[in-house]
Amino acid sequence: MYQVIARKYRPQGFDELISQEHVKTTLGNAITQGRIAHGYIFSGQRGTGKTTVARIFARCLNCEQGPTPAPCGKCVSCLEIGEGSSMDVIEIDAASNRGINEMRELRESVRFRPARDRYKVFIVDEAHQITSEAFNALLKTLEEPPEWVVFILCTTESHKIPSTIVSRCQQFSFRSVDFAELVARMEWIMQQEGITADADAVAVLARAGEGSVRDSLSALDQAIACCGNKLDAAEVRTLLGMFSLESLGRVTTALAGNDAPEMFAVVAELEANGRSLQHFARELARHFRNLVVVKISGGETRLVAASQAEQQKLAEAAAHFSEEDLTRYLQLSLDLFRDLQSSLQPRLHLEMGLLRMVQAGRLLSIEEALAGLPGGTAGPGTRSASRAAPKPAQLAAAPAATAPLETLAGGDLRSRLHAALIDAKLTHVADALEHSELTESANELVFITPKMYQLYLKQSEFEAAAKRAAGRPVRITIKVGETARSSGQVVAAPQREQEAATRALSHPEVKRFQEIFPDAQVRTVRNLKDT
Ligand SMILES: Nc1ncnc2c1ncn2[C@@H]1O[C@H](COP(=O)(O)OP(=O)(O)OP(=O)(O)O)[C@@H](O)[C@H]1O
Ligand SMILES: [Mg+2]
Ligand SMILES: [Zn+2]
């Protein structure tokens with residue numbers, strides 16, 4: 001009889017179990033030290049090994065050679081537990097035996113010693129489905145458990161287990177499994193079964209389970225039934241309704257190239273091929289999530305469920321964007337996914353959402369260009385660079401590095417403080433200090449600073465540095481006001497502002513903005529450093 005792969009390859013010992021390291025170690029130690037509790041709760045995502053570990057643990061306890069963290073697998077106890085036919089290891093499915101009568105029977109059965117083995121192990125699956133009366137009955141048992149009894153409650157919804165029960169059990173949470181380990185396990189299973197598959201096909205199958213080993217192995221069953229002994233990524237993807245990196249990559253390429261028409265083409269093709277637009281939006285959000293992660297953590301990260309070749313492609317795609325861009329696209333794609341869930345016009349929503357992403361990129365560049373912020377001077381590999389756009393013009397007038405140095409009270413203190421700030425790499429704060437006036441008295445330093453700089457000077461780092469520079473106990477006061485230093489700059493500025501305006505109007509992003517909004521007029525070019 002054909003046995004599904006997930007059951008055929010249920011791990012028989014801790015060594016075969018992937019991930020869940022904390023569970024393996026803690027249970028292993030408990031056995032070695034002879035500290036066996038009477039109640040355990042195994043909680044967590046479905047298909048990650050709860051029932052499997054419960055059975056392994058039962059073997060550890062009841063193996064003829066045990067209790068041992070490495071049961072022999074050959075003795076009668078081990079064999080029977082493996083088959084589910086041991087008298088002393090009782091599996092109860094709470095979904096169908098949830099009532100008080102079953103629990104009463106259970107309480108009866110608990111009172112009798114094990115038939116043959118050391119422990120009587122009760123494995124309760126779907127434990128959150130037990131009724132509250134039945135929980136009460138169980139609680140009585142857990143309050144005064146016979147020495148030979150071990151309960152293992154398995155559940156995907158541990159919050160539904162009453163706290164009176166939880167507090168009498170040791171809880172283990174099972175996590176979704178590590179992608180690389182799952183891939184390795186699946187490759188091993190395929191080898192046993194004589195199945196060959198390319199790396200991308202295995203990655204597609206592993207991903208299909210979304211962290212559940214059982215679901216990934218079911219996908220493998222399905223693929224074998226459909227495609228035979230040789231699995232290829234494209235076929236598997238079609239079978240499971242997944243989207244290739246290439247089709248998701250079309251969206252990112254269109255974003256990098258500011259190509260709105262391509263977005264319509266992508267949507268039209270999805271429709272023509274009868275693909276689910278909701279599913280596409282979901283995969284797209286996941287794609288942006290992966291790009292963000294790769295961008296931040298580098299191409300070698302284990303946090304992305306992808307084969308090496310896929311990871312490489314993700315890293316290449318991510319290089320075209322800044323971290324901020326990708327984060328915003330992720331946000332927009334999540335919004336899009338949410339909107340599509342309830343949309344009666346999924347096609348319109350999808351088109352609109354993709355278009356919005358194109359525009360979000362454009363708007364950002366304009367902001368960046370106008371602000372001349374450090375983030376705006378795109379380094380190699382960011383989107384602006386890949387579009388070969390010139391660096392955003394430095395529209396803001398240069399800081400008053402050349403401003404006349406008045407002899408103000410506290411001149412020495414000012415330069416000491418300035419040096420200290422530079423040393424501490426607080427260049428923005430040092431810059432703010434340049435624009436501020438300082439009056440010094442015996443026990444107070446008063447800084448008068450233009451509004452835009454006040455936040456820099458109100459930082460605790462600045463206060464600490466100022467006190468240190470003063471070298472005596474002083475109070476630090478920050479006042480907002482125009483200063484000779486800041487207004488001096490404005491007097492010198494008109495010509496520079498004129499130049500800045502010319503540069504702003506000829507900037508490609510501004511021109512593009514005017515193309516999109518032909519009726520828009522540029523009224524003023526504001527120097528953001530002066531506001
Ligand atoms: N950590 C794991 N390592 C190796 N295989 C695993 C692991 N977790 C699950 N499997 C595979 O998935 C199958 C199902 O696992 P198991 O029954 O232990 O899941 P579960 O956590 O009890 O799920 P559910 O919550 O749905 O009951 C196993 O037979 C095994 O093939
Ligand atoms: Mg289970
Ligand atoms: Zn054994």
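1. Which polar backbone atom is 3.2 Å from a nitrogen atom of ligand 1? In this predicted model, the partner of that nitrogen atom belongs to the backbone of Thr48, and the separation between the two atoms is 3.2 Å.

2. Two further contacts of ligand 1 involve oxygen. An oxygen atom of ligand 1 lies 2.6 Å from a polar backbone atom of Ala6, and an oxygen atom of ligand 1 is also found 2.5 Å from an N or O atom in the side chain of Thr52. Taken alone, ligand 1 would expose 630 Å², of which the protein buries 94%.

3. On the surroundings as a whole, ligand 1 is enclosed by 17 residues, and the closest of these are Ala6, Gly47, Lys50, Thr51 and Thr52. Sorted by class, the shell around ligand 1 consists of 7 nonpolar, 6 polar and 4 charged residues.

4. As for the site itself, the space that ligand 1 takes up is the largest pocket. Helix 3 (50-62) and helix 10 (213-227) are the elements that give two or more residues to the shell around ligand 1.

5. The placement of ligand 1 relative to the domains also deserves comment. Domain 1 (5-174) and domain 2 (179-240) both contribute residues to the shell, and ligand 1 therefore lies between them.

6. Two backbone features should be checked against the model by eye. The peptide bond that joins Gly66 and Pro67 is cis, with omega at about 0°, and Pro67 has its place in the loop between helix 3 and helix 4 (76-83). Ser19, although it is not a glycine, has a positive phi of about 50°; this residue is situated in the loop between helix 1 (5-8) and helix 2 (21-32).

Terms used: Residues numbered from 1 in each chain as written. Chains lettered and ligands numbered in written order. Predicted model: local features only at pLDDT ≥ 70, side-chain atom pairs only at ≥ 80, totals over all residues. Heavy atoms only, no water. Near = heavy atom within 4 Å. Polar contact = N/O pair within 3.5 Å; in protein donor to acceptor, adjacent residues only side chain to side chain. Areas by Shrake-Rupley, 256 points an atom, 1.4 Å probe, with all protein chains shown as cover. 1 Å grid on protein atoms, 1.4 Å probe; cavity = no way out; pocket = protein on both sides within 12 Å on 5 of 7 lines; lining within 4 Å. Sits in = over half its atoms within 2 Å of the grid points. Helix = DSSP H or I, 4+ residues; strand = E, 2+ residues; numbered from the N terminus. Nonpolar A, V, L, I, M, F, W, Y, C, P; charged D, E, K, R; others polar. Domains from an automatic or database assignment.
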